[in-house]
Amino acid sequence: KHGVVGTPQMLDEIWFKPAQPVLGLEKSTLRTEEIRQTFANQGFQDFYHGLAVLPAQAFNEVVSRANNKGAVLSVGLIGLLSHLASTIPEDNSFRVFADKHGGKNQYSATLQNVLDRGVMVAQKESSAESIYKSMGAKHEWKVHILPKADSKYPLVSLASILAKWMREKLMGQFNSFWQEKLPGLEPTAGYPGDAPRFYSQI
């Protein structure tokens, strides 16, 4: 299963081409059955991957409001978990592993937004790891948030790869849009160091 959170907001971006498959999953060369079996062997009955896309305007609004870029990660996490919960029947359980959002150690208030009822209780909050468990919720949640989670949990590494893949796909659309209007324009990778050059040329 897969899903993309935030796609409607992307329609406000003039360069975004919704008709083009961004994920490329329809023509993916990934060996789906082999991957599913690999995860099944590790005890996963199903495998869901989702991506939260935050367009430039929404990104700037979140950073301006929170004065902290880590808040962007929290918005994405809540969007993904809420979307996942909406697609799964009641009484199912979730175990979530995520990377820390900057130096933040407390996530109870953030994770509370995922629940339709009940509370998210902190079992541990430290620089090493923050752990939460839901009580009285429609689904049972156990959430682990720790630094460098991708080095400990392969699924977090895979999530990072998918996010970077999505970014490259979207940057490809962004560059194509501007190169059609300005032939010969050197594409940008979208990082701050190149922003002044690219902005001045468009």
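Visitor: Where is the place of Gly-190?

Guide: This is a predicted model: local features need pLDDT of at least 70, side-chain atom pairs count only at pLDDT 80 or more, and totals for chains, interfaces and linings use all residues. Residues are numbered from 1 along each chain as its sequence is written, while side-chain values use heavy atoms and leave out hydrogens and water. Helices (H or I, at least four residues) and strands (E, at least two) are DSSP runs, numbered from the N terminus. Gly-190 lies in the loop between α7 (154-181) and α8 (195-201).

Visitor: Why does Gly-190 count as partly exposed?

Guide: Buried means under 20% relative accessible area and exposed means over 50%, with partly exposed in between (1.4 Å probe, protein chains only). Gly-190 falls in between because its relative accessible area is 41%.

Visitor: Which residues does Gly-190 touch, not counting those up to four places away in sequence?

Guide: Contact means heavy atoms within 4.5 Å. Arg-167 is 23 residues apart from Gly-190 in sequence, yet 9.5 Å apart in space, C-alpha to C-alpha. Beyond four places in sequence, Gly-190 touches Arg-167 and Met-171.

Visitor: Which element gives the largest share of the largest nonpolar core?

Guide: A nonpolar core is a set of buried Ala, Val, Leu, Ile, Met, Phe, Trp, Tyr and Cys residues joined through side-chain atoms within 4.5 Å. The largest one has 19 residues, and Leu-81, Trp-141 and Val-143 are among those with the most contacts inside it. Two or more residues come from each of α4 (70-87), β3 (93-99) and β6 (140-146). The largest share, 5 residues, is from α4.

Visitor: How many residues are in the second, separate core?

Guide: Phe-16, Leu-51, Trp-178 and Leu-185 are included in this second core. Its residue count is 14.

Visitor: Which strands are the edges of the open sheet?

Guide: Two strands pair if DSSP finds at least two bridges between them. The sheet has 4 strands in the order β3-β6-β5-β4, with mixed pairing. Pairing on one side only marks the edge strands, β3 and β4 (119-125).

Visitor: Which residue of β6 is the bridge partner of Ser-130?

Guide: Strand β5 (residues 130-135) pairs with β6 in the antiparallel sense, over 4 bridges. Ser-130 is also touched by Val-143. The bridge partner of Ser-130 in β6 is Ile-145.

Visitor: Over which residues is the pLDDT below 50?

Guide: pLDDT is the predictor's confidence in each residue, from 0 to 100. The chain mean is 84, and 84% of residues reach 70 or more. Where pLDDT is low, predicted coordinates should not be read in detail. The stretch with pLDDT below 50 is residues 24-30.
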